[in-house]
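Thank you all for coming. I would like to walk you through one chain this morning, and I would ask you to keep the sequence and the model in view while I talk.

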Amino acid sequence: MEPVILIKPGASKWDIREKVWDYIEDKNLANFPRPVHNRIPNFKGAFTACAKVSELQVFIHTAEVKVDPDKPLEGARLAVLQSGKTLLVPTPRLRTGLFNKITPPQGANKEQLRICCSSQGVKDFSVPVGLDAKVKVDLVVVGSVAVSEKGFRIGKGEGFADMEYGMMASMGAVNESTVVVSIVHDCQVLDIPEELMDSHDLTVDYILTPTRVIKTNCQLPKPRGIIWSKLDTEKLERIPILKKLRALEEQAGKDVTLGAAPVPAQQSGLETGQPRGPARRRPRQNTRQDPEGESKQEKTVESEQKTRQRPARVRKESRGDGAGGKEGEVGERGRGRRGGNMKEKGAEEGGGEVTSQRKLPLTVTTVYLGGIPAGLRVSELKTALREREAGPLRLTWQGAQHRAFLDYSDPQAAEQALEALQGLSLNGHSLQAELAKSQRGGRRSGQTNRRPRPATAPKTRAAPDAKRDGDKVTEQ
């Protein structure tokens, strides 16, 4: 079968990614979340392709299966649970560990299993698995941006699938007999030049599409551990479990010398030679269409311009997704029916601006984020939101009450953020993300049905609002 996407000689991995993402968007071949740029595409027909994993002979004899947390692989996770096998799902971005072992409720029905294999289920029905766990993974299922019939694979450019496999190899969880399967749309199967493959790149043994099962007979070896020279201190700081593994391997006498940090640190990943910065974004993508997508910089710039004219009320702000916002700008906003003590920093929050309600968006959709652990800094939460591309227009921080409220421009943006935040865990605590209870028809969270009393001036409203609402505003 001839590939529908043709790759020009000399194309880089990033060229191929852009080609695939553009094609899927132009042909409308993907479901939510959109756009697919900088993602593993949630292609149409994903469940059909995922169902084929249980038809593989290797699956029948498999006991433990590792499936990536990508949205298009939800059907594969369901197939594993329905077959009564052990399902291991990597911790998103490896922030708090390597694996989560999914443990469905006793006697769970099909609908409950569907919940367990979703991002929400990974959060609610899992236990962490550390580097010292005795795990033997027989089958690995990964998402891809592009694959070839020879078994070459290109991910979204961050290197997590490669690192996860390398760590599993280091801990003895995988070996030469472990089978790797990738599930993609038919259009994502194309000719990838072998010279683009590096020693750390994960190759695949089977490719499943909605119409095909492809055995690759790949001749390239899979990673046999972490290649430390491909990593730098910046990556190590962002992924604590890598630091732990490096310490263990250093004690064992292995060479754990790190490589040099990349000069432009805007993109992380194990690859070299890929375009950075604006090359990742398609200029025609608009901010309203892309609340958590690849046009993050454009969204941030536009959001900054608006919020400078429209500061918040008794409120900690995070403009756009925080990628380029002005750190330290604190507005004020009241949130009704919330208890607690308001602690204002005064001079520390210098530059904070107060504005009237008419300056705010007509409607926002608010997401409640609960279970915030004690001691967590608002900056750490903002970093996690940026990493998941779920940055809100505004963030209200109530750390003393172990919660925060995130405002998004519309219900679609909030739903995309909810999807991205499922399974979020910080400092070993799972966070709960859901629409705010007081959310009714787009009304701001915390607003009552009564019309607010008009204020003579914005500044005169700040003190009583703060006293009433109990928002704890913390420096960014």
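I will begin with the sheet, go on to the charged pairs, and finish with the cysteines and one polar contact.

Please bear in mind throughout that what you are looking at is a predicted model.

Let me start with the sheet, which is open and is built from eight strands that follow one another in the order 4-3-2-1-5-8-9-10, with mixed pairing. Which strands stand at the edges? They are strand 4, residues 126-129, and strand 10, and because each of them has a single partner strand, one side of each is left without a neighbour in the sheet. Going from one strand to the next, the twist averages 25°.

At the strand 4 edge we can look at the pairing in some detail, since strand 3, residues 99-102, runs antiparallel to strand 4 and pairs with it over four bridges. If you would like a residue to locate on the screen, take Phe99, whose bridge partner in strand 4 is Val129.

Helix 4, which spans residues 74-82, packs on this sheet, and it touches strand 1 (64-67), strand 2 (86-90), strand 3, strand 5 (139-142) and strand 8 (179-183). The direction of helix 4 makes about 150° with that of strand 2.

Now to the charged pairs. As a reminder, side chains of opposite charge can pair when their charged atoms come close. In this model there are 14 salt bridges, and I will pick out a few of them.

One of them joins the side chains of Arg39 and Glu389, with 3.9 Å from N to O. Where in the chain do Arg39 and Glu389 lie? Arg39 sits in the loop between helix 1 (13-26) and helix 2 (46-51), whereas Glu389 sits in the loop between helix 11 (378-387) and strand 12 (394-398), so that the pair links distant parts of the chain, 350 residues apart. Arg39 and Glu389 are both buried.

A second example is Glu149 with Arg212, where the closest N and O atoms of the salt bridge are 2.8 Å apart. Glu149 belongs to the loop between strand 6 (146-147) and strand 7 (153-154), and Arg212 to the loop between strand 9 (206-208) and strand 10 (213-215), so this pair ties together parts that are 63 residues apart in sequence. Glu149 is partly exposed, at a relative accessible area of 35%, while Arg212, at 18%, is buried. I should also mention a network, in which salt bridges that share partners join Lys66, Asp68 and Glu164.

Lys136 and Asp138 form another salt bridge, and here the closest N and O atoms are 3.5 Å apart. Lys136 counts as partly exposed because its relative accessible area is 34%, which falls between the limits of 20% and 50%.

Turning to the cysteines, how many disulfides are there? The count comes to zero. For Cys116, the nearest cysteine sulfur is that of Cys117, 7.6 Å away, and Cys116 is in no disulfide. Cys116 is buried, with a relative accessibility of 0%, and Cys187 is buried as well, with a relative accessible area of 3%.

Finally, I would point you to Thr366, which is found in strand 11, residues 365-370. Thr366 counts as buried, at 0% relative accessibility, and its side chain is joined to that of Asp407 by a polar contact of 2.6 Å.

Terms used:
Residues numbered from 1 in each chain as written. Predicted model: local features only at pLDDT ≥ 70, side-chain atom pairs only at ≥ 80, totals over all residues. Heavy atoms only, no water. Salt bridge = Lys/Arg side-chain N within 4 Å of Asp/Glu carboxyl O. Helix = DSSP H or I, 4+ residues; strand = E, 2+ residues; numbered from the N terminus. Buried < 20%, exposed > 50% of the residue type's maximum accessible area, 1.4 Å probe, protein only. Disulfide = S-S within 2.5 Å. Pairing = 2+ DSSP bridges. Axes fitted to C-alpha atoms, helices over the stretch in contact; angles between N-to-C directions. Contact = heavy atoms within 4.5 Å. Polar contact = N/O pair within 3.5 Å; in protein donor to acceptor, adjacent residues only side chain to side chain.
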